[in-house]
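Welcome! Take a moment to turn the structure around on your screen before reading on. We will walk through it step by step.

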Amino acid sequence: MTPFRISFCCTNTAPAPWLAGLHTALPQADIAVWQPGALPADYAVVWAPPQQFFDEQTQLKGIFNIGAGVDALLKLKLPPSAAVVRLDDAGMAVQMAEYVCQAVIRHLRELDRYADDIRAGRWTFRKPRQRTDFPVGVMGLGVLGSRVAQALASFEFPVLGWSRTAKALPGVASFFGPAQLPDFLRQSRILVNLLPLTPHTANILNHQNMSQLQPGGYVINVARGAHLVDVDLLALLDSGHLSGATLDVFRTEPLPADHPFWQHPKITITPHTSARTLRDDSIAQIAQKMAALQRGETVAGVVDVARGY
Ligand code: NAP
Ligand code: GLV
């Protein structure tokens, strides 16, 4: 294979193990951490790069994002000839299934209340709740959402999925497009958001949509903070229409110290950790796709920039 050059530009990421892994997987490539004025590269491996990176690296053939979501990347002006490639599972789907299933099961089984009781020295039983009373709606049935929906179905929850186009997943009732969103919401009691953040999906977890969930609804946002209108969630929790929420992503991260979500008794938060980038899996996937692009082949996980995901 012809030698090629890779520029690594990932914020908040220790470069040494990535460079070592990429070098082992692609010995023919010249790999370096980007610095202003660096030589033009063929491929970029990025996370939250500055605009200056793309202003200088105008000859890129491929831009590999070391995450699944590309919303922040697509806000930058990218070289039009470069394919934007996002992580395509790379070990994230099973993590997301674990996280969402634990949140759904914690809610169904009232495990937080049991934990409170135990801390207070109370040995109390609660009436078992029927999972048939807790239909789960999954927004976004892509790489992560489809895995989550099927994991929930394996626990025998009624599962509904909403996506842009119709899907056929075993055990998952398919709804698609804006016209079917109200029916999807009305039939859901727990709502899981796994949509990409695009102009069509920003603020989609708003008062109008969340108030259509069945009474006692529960919201799990694991996609992006800008999907959720924070004040609308708080209002629906205060009114009692929603019974709680588990949130992994926020409009501002880290979540500001004075944000009401920190102390809210009905909200569980985690620091954007539901599905982490796994370095070895990601390097293997990126190296395989880079080599394929270099051979002139097509690869999966190329982002439709106009569509936003
Ligand atoms: P994906 O494979 O691109 O799937 C996106 C899904 O959303 C597709 O099913 C798509 O429908 C649907 N969709 C997009 N726009 C829509 C719209 N306007 N209306 C209805 N459905 C729409 O994405 P993914 O890999 O599953 O990842 C999803 C998101 O998870 C990422 O974008 C990222 O923001 C987030 N994420 C979070 C973490 C974390 O740690 N919290 C980790 C990884 C990813 P079609 O299939 O019909 O096109
Ligand atoms: C994390 O949020 C990702 O998009 O990979």
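Which residues surround ligand 2? In this predicted model, ligand 2 has Gly67, Ala68, Gly69, Met92, Arg224 and His272 around it. Some of these residues place a nitrogen or oxygen atom within a few ångströms of the ligand, and ligand 1 has polar contacts as well. For Ala68, a backbone N or O atom lies 2.7 Å from an oxygen atom of ligand 2. Here are the polar contacts of both ligands, side by side.

| Residue | Part of the residue | Partner | Distance |
|---|---|---|---|
| Ala68 | backbone N or O atom | oxygen atom of ligand 2 | 2.7 Å |
| Gly69 | backbone N or O atom | oxygen atom of ligand 2 | 2.7 Å |
| His272 | polar side-chain atom | oxygen atom of ligand 2 | 2.6 Å |
| Arg86 | polar side-chain atom | oxygen atom of ligand 1 | 2.8 Å |
| Val143 | backbone N or O atom | oxygen atom of ligand 1 | 2.9 Å |
| Lys167 | polar side-chain atom | oxygen atom of ligand 1 | 2.7 Å |

How many residues surround ligand 1? The count is 30, and the closest are Arg86, Leu144, Thr165, Lys167 and Tyr309. Two of these names, Arg86 and Lys167, also appear in the table, each with a polar side-chain atom facing an oxygen atom of ligand 1.

Now let us step back to the domains. The protein chain is assigned two of them: domain 1 is built from two stretches, 4-90 and 277-294, while domain 2 covers 92-269. Taken over C-alpha atoms, their centres are 33 Å apart.

Where the domains meet, twelve residues of domain 1 are in contact with six residues of domain 2. The size of an interface is often given as the accessible area lost when the parts come together. Here about 740 Å² is buried between domain 1 and domain 2, and carbon and sulfur atoms give 53% of that area.

Which residues form a salt bridge? Arg224 pairs with Asp71, with 3.0 Å between the closest N and O atoms. One salt bridge is found across the interface of domain 1 and domain 2, and three residue pairs are in polar contact there. On the side of domain 1 that touches domain 2, five residues are nonpolar, three are polar and four are charged. Remember Arg224 from earlier: this residue is also one of those around ligand 2.

Finally, look at Val229, in the loop between β10 (217-221) and α8 (230-239). Val229 and Ile204 are 25 residues apart in sequence, yet 7.9 Å apart in space from C-alpha to C-alpha. Leaving aside residues up to four places away in sequence, Val229 touches Asn203, Leu205, Asn206 and Arg251.

Terms used
Residues are numbered from 1 along each chain as its sequence is written. Chains are lettered from A and ligands numbered from 1 in the order in which they are written. This is a predicted model: local features need pLDDT of at least 70, side-chain atom pairs count only at pLDDT 80 or more; totals for chains, interfaces and linings use all residues. Side-chain values use heavy atoms; hydrogens and water are left out. Domain bounds come from an automatic or database domain assignment. Contact means heavy atoms within 4.5 Å. Buried area is the accessible area (1.4 Å probe) that two parts lose on being put together, summed over both. A salt bridge is a side-chain nitrogen of Lys or Arg within 4 Å of a carboxyl oxygen of Asp or Glu. A polar contact is a pair of N or O atoms within 3.5 Å; within protein, one must be able to donate a hydrogen and the other to accept it, and residues adjacent in sequence count only if both atoms are side-chain atoms. Ala, Val, Leu, Ile, Met, Phe, Trp, Tyr, Cys and Pro count as nonpolar, Asp, Glu, Lys and Arg as charged, and the others, Gly among them, as polar. Helices (H or I, at least four residues) and strands (E, at least two) are DSSP runs, numbered from the N terminus. A residue is near a molecule or strand if one of its heavy atoms lies within 4 Å of it.
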